[in-house]
Amino acid sequence: MIRFFVLNNLEKFLPITWSNMNSNYSTIPAYIRYSIFFTGICALGFLVYIGQDIIIPICFALLFAILLDPLVTLFQKIKIPRTLAITFAIIFAFLLITVTIYFISNQLSLFNESLPKFREKFNIVSEQIKSWISSEFNISLQTINSQTDKWSKSIFDKSGAMIGYSVNKVTELI
């Protein structure tokens, strides 16, 4: 009963009625159409924001399914049943991802172990370059040392952080 009362009173304030809205959309004033459109866009954005914990895995699942579809089709051409082909494709993808992560982590650990050696070689080469610059351009070693020390500390201190950040972001995606 209250709903009927509100709807009847609403028609007094708005220049449209429910029957007009269903029959002819162009008779609705532009400001109401745009308001409805932007309200719908905001509501959709809000629903996507609230449902991102559900929507993001579904999007990844769709991407995963699209990427595995050619492999499933290949298995079906070999006369493997579809259910078994899907199972083989998922197992193959899981093994491929696991092997890739293993090799990348192995290479990163080797790089991390060799980073002190790189630092030593860099220091040796930089000392040779400093002495050459000092002798050729008559710049004091103290000035060159202070500037190159700032640069090298900045480079090596930030490189470990950048590698760690990159590995962290990649593992978050996986």
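Helices (H or I, at least four residues) and strands (E, at least two) are taken as DSSP runs and are numbered from the N terminus. The model is predicted: local features need pLDDT of at least 70, side-chain atom pairs count only at pLDDT 80 or more, and totals for chains, interfaces and linings use all residues. Residues are numbered from 1 along each chain as its sequence is written, and side-chain values use heavy atoms, with hydrogens and water left out.

**Exercise 1. Describe the chain as a whole.**

Step 1. The chain contains 6 helices and 0 strands, and along the sequence the pattern reads α-α-α-α-α-α.

Step 2. Of the 174 residues in the chain, 12% are buried. Buried means under 20% relative accessible area, exposed means over 50%, and partly exposed lies in between (1.4 Å probe, protein chains only).

Step 3. The accessible surface comes to about 14,500 Å², and carbon and sulfur atoms hold 71% of that area. Such areas come from the Shrake-Rupley method with a 1.4 Å probe; for residues, only the protein chains shown count as cover.

Step 4. A contact means heavy atoms within 4.5 Å. Among contacts in the chain with a separation of 6 or more, 22% join residues 24 or more positions apart.

**Exercise 2. Identify the largest nonpolar core and the helices that build it.**

Step 1. A nonpolar core is a set of buried Ala, Val, Leu, Ile, Met, Phe, Trp, Tyr and Cys residues joined through side-chain atoms within 4.5 Å.

Step 2. The largest such core has 7 residues: Leu68, Leu71, Val72, Phe75, Ala85, Ala89 and Ala93. Helices α4 and α5 each supply at least two residues of this core, and α4 gives the most, with 4 residues.

Step 3. Beyond its neighbours within four places in sequence, Leu68 is in contact with Ala89, Ile90 and Ala93.

**Exercise 3. Locate the nonpolar patch on the surface.**

Step 1. Patches are made of residues with over 30% relative accessible area and no salt bridge; like charges are joined within 9 Å, and nonpolar side chains (Val, Leu, Ile, Met, Phe, Trp, Tyr) within 5 Å.

Step 2. Leu44, Val48, Ile54, Ile55, Ile58 and Leu62 form a nonpolar patch with about 550 Å² of accessible area together. Helices α3 (30–50) and α4 (52–77) each supply at least two of its residues, and the largest share, 4 residues, comes from α4.

Step 3. Ile55 has its place in helix α4. Ile55 is classed as partly exposed because its relative accessible area is 33%.

**Exercise 4. Find the salt bridge and characterise its partners.**

Step 1. A salt bridge is a side-chain nitrogen of Lys or Arg within 4 Å of a carboxyl oxygen of Asp or Glu. By this rule the count is 1.

Step 2. The bridge joins the side chains of Glu127 and Lys130, at 3.2 Å from N to O. Glu127 and Lys130 are 3 residues apart in helix α5, so about one helical turn separates them.

Step 3. Glu127 is partly exposed at 45% relative accessibility, whereas Lys130 is buried at 5%.

Step 4. Not counting residues up to four places away in sequence, Lys130 touches Leu141, Ile144, Asn145, Thr148 and Asp149.

**Exercise 5. Work out the surroundings of Ser134.**

Step 1. Ser134 lies in helix α5, residues 82–137. Ser134 counts as buried because its relative accessibility is 18%.

Step 2. A polar atom of the Ser134 side chain lies 3.0 Å from the backbone oxygen of Ile139.

Step 3. With residues up to four places away in sequence left out, Ser134 touches Ile139, Leu141 and Ile144.

Technical notes
A polar contact is a pair of N or O atoms within 3.5 Å; within protein, one must be able to donate a hydrogen and the other to accept it, and residues adjacent in sequence count only if both atoms are side-chain atoms.
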